[in-house]
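Colleague: Could you take me through the disulfides of this model one by one, with the criteria you apply? I would also like the setting of each bonded cysteine, where that can be given.

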Amino acid sequence: MISNKRIAIKFVFAVVVVVLCCLFVSGDARVRCIESEREALLSFKNGLIDTYGSLSSWRSNECCEWDGVKCSKTTGHVVALQCDDYRLQGEIASSLLELHRLIDLDLSGNDFGGIPIPKFIGSMKQLQLLNLGSSNFSGTIPPELGNLTNLLSLDLFSNSLASISAFTLRSVLESLETLDLSDNQLNGSMPDTRAFPSLTKLHLSGNNFTGPIPLSIGQLSKLQVLDLSYNSLTGLVPLSIGQLSELQVLHLSYNSLTGSVPLSIGQLSELQDLDLSYNTLEGIVSESHFIKLDKLKKLDLSFNPSLILDIASDWIPPFQLSRLSLAICNVGPYFPNWIRTQTNLTTLDLRGANITDEAPRWLWSTFSSIQILHLSDNQISGPIPLFPVNANTIRLSGNMFTGSISSICKTPLSLIYTLSLSNNQLAGEIPDCWEQMPSLHALSLANNHFSGEIPRSLGALHDLQGLQLHGKESEYWNNLGLLKLIDLSSNGFTGNIPKSFSTMRGLRSLNLSRNSLTGHIIPDIGQMEMLDSLDLSHNQLSGKIPTSLTEIHTLGFLDLSNNKLSGKIPTGTQLQSFNASSYADNDGLCGDPLPKCPGDSLRPSANIPRENMNENDGNNFSFMQEVGISMGFVFGMLLEIGSMSGLLCLNPNGDETEMQR
């Protein structure tokens, strides 16, 4: 009996233990945040301006549940404070020193108003990850950061930091693997990289470093990424770079490096991305420079005008590139046959590469994945082919292509964004299939020999923000912001004005002057409600001026002269405010500001006083000054329209303006 009772008691005790364990596991007995650390975080919050409420959760007693705060699951200590992109302002309180177990501090993507990096951070010796990037810090990099001997990653990118010397002189961060100081205002010589022997990633781009690349760079045996682009570095590319056996990315572009490309680069068997563009490198680049680069995916040697590529036509490279740029290098005179082997290319840029050759047939069919094809400013000849269907940018301007461009209608080009065929020897009619290119923003056909009617389908290009076609005129550059322009002046176009033009309601300027257009002014022209300037002069347009023209209240310039228009000028304050010269040499037109129409003799004169005419003329001139265009013969080529706006340029004898950054 007693034995049974003991068994029962043991059973009950076991059940209680199990229940207690379950309660503990379920969270009722979980480790909570340390109160002193909670107070430290609240003190940190009190020094900040949290305009967007990013720290609104920092109210409860359980700080381990606050946004951006991470705690150890075993001790409850705060181990990570990740307030990146919280758009915080204010100051960083030294109360963070109370977070003795903090290993990850990320305050990037905030705005601390140009204050220096707090020196006390250098006392947080347990830190392994420190990210203060893009947070509006200025001044010098405090040497106290050199005390962070456990640091694995230091990110100070995109600030206004001006000096690094004190930091590097006092630092030996043997554990540091990533150092990102890019996009600051650091100047002087490059830092002594021997202070960071374990680096795998070094980003120093976008600063003002001068002088040579130190030879000691070759001692960073673990380095995988080296980005020194966009500085003012001079001297040679050091031979010691060839010792970086684990290097995957090498960017030295946009400097003032001179001399030849060292053959030692060809020993970097792990290299995937090589960019030496925009320097002053010279000499010969041969097959030996790529002997072990079988993993190379991106190669950019562009804008080194004295660099000569001397590569055999039967060479088969060890790599398969996705991007190749040899612009403004000496690649020609023949089209490089080895490029035919690079079937994975998405970008091919050979502009200004001194190629004087016929475009090989394989060029148009080999690269099924090509997106950007840039062959401008060579002397490449041949007909316009069927373009690759996946292309979004095709630039063939400044060459010797001949024949018709009707082939563009035979390939679906729904992705095409920029098409430039200007400054060639193309001829015939402009095809009428532009509705097949709904994404087209920039179209240039300048300086060719096109003829015939204006294609109606151009009106289907709703994203096209500029259309330009000129006769013999001088080149004129101007950045017109977001101005939307159609200029087809001074050509031999015939036929009617396409009705589809009226659907371009965001258009600011329309110039169809000095052609041989016939028919009537489109009746719905009033739908172009944003129009500032309208020039239809020197054509053979007939019929009445549409009454809808009075609905364009923004019109500041109007020229309908030298046509065959007739009837009464529609009554409206806007149309009567223009000078009589805007309607001159239309024998059938009458009404203010021209002489009265028959039957209007009893109506009081509404002639504009001379001083008002002069004032209006001045307004017209001010408008032309403001937008930077002359709608007569003196208008040249518009290219840049704001941040990647569109342009269609058709200029039989003009020059093409570069439509790119």
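Modeller: What follows is a close look at the disulfides, with a short word on the chain around them.

This is a predicted model, in which local features need pLDDT of at least 70, side-chain atom pairs count only at pLDDT 80 or more, and totals for chains, interfaces and linings use all residues. Residues are numbered from 1 along each chain as its sequence is written, and side-chain values use heavy atoms, with hydrogens and water left out.

The protein chain has five helices and 42 strands, where helices (H or I, at least four residues) and strands (E, at least two) are DSSP runs numbered from the N terminus. Of its 661 residues, 52% are buried; buried means under 20% relative accessible area, exposed over 50%, and partly exposed in between, with a 1.4 Å probe and protein chains only.

Taking a disulfide as a pair of cysteine sulfur atoms within 2.5 Å, the count comes to four. With the bonded cysteines numbered in sequence order, the pairing reads 1-2, 3-4, 5-6, 7-8.

One of these disulfides is formed by C33 and C63, whose sulfur atoms are 2.4 Å apart. Because C33 lies in the loop between α1 (2-26) and α2 (35-46), and C63 in the loop between β1 (48-49) and β2 (69-71), the pair ties together parts that are 30 residues apart in sequence. Both C33 and C63 are buried.

Another disulfide links C64 and C71, with 2.1 Å between the sulfur atoms. The torsion about the S-S bond of C64 and C71 is about -95°, so this disulfide is left-handed. C71 is buried, with a relative accessible area of 18%.

These two disulfides can be set beside a record: the UniProt annotation "domain: Leucine-rich repeat-containing N-terminal plant-type", from an unreviewed entry, covers residues 35-72, and such annotations may be inferred rather than shown by experiment. Over residues 35-72 the chain is 32% helix and 13% strand, and the end C-alpha atoms are 14 Å apart.

A further disulfide joins C409 to C433, at 2.0 Å from S to S. Its torsion about the S-S bond is about -80°, so the disulfide of C409 and C433 is left-handed. C409 lies in the loop between β27 (400-403) and β28 (418-420) and C433 in the loop between β29 (425-429) and β30 (442-444), so the pair ties together parts that are 24 residues apart in sequence. C409 counts as partly exposed, at 26% relative accessibility, whereas C433, at 3%, counts as buried.
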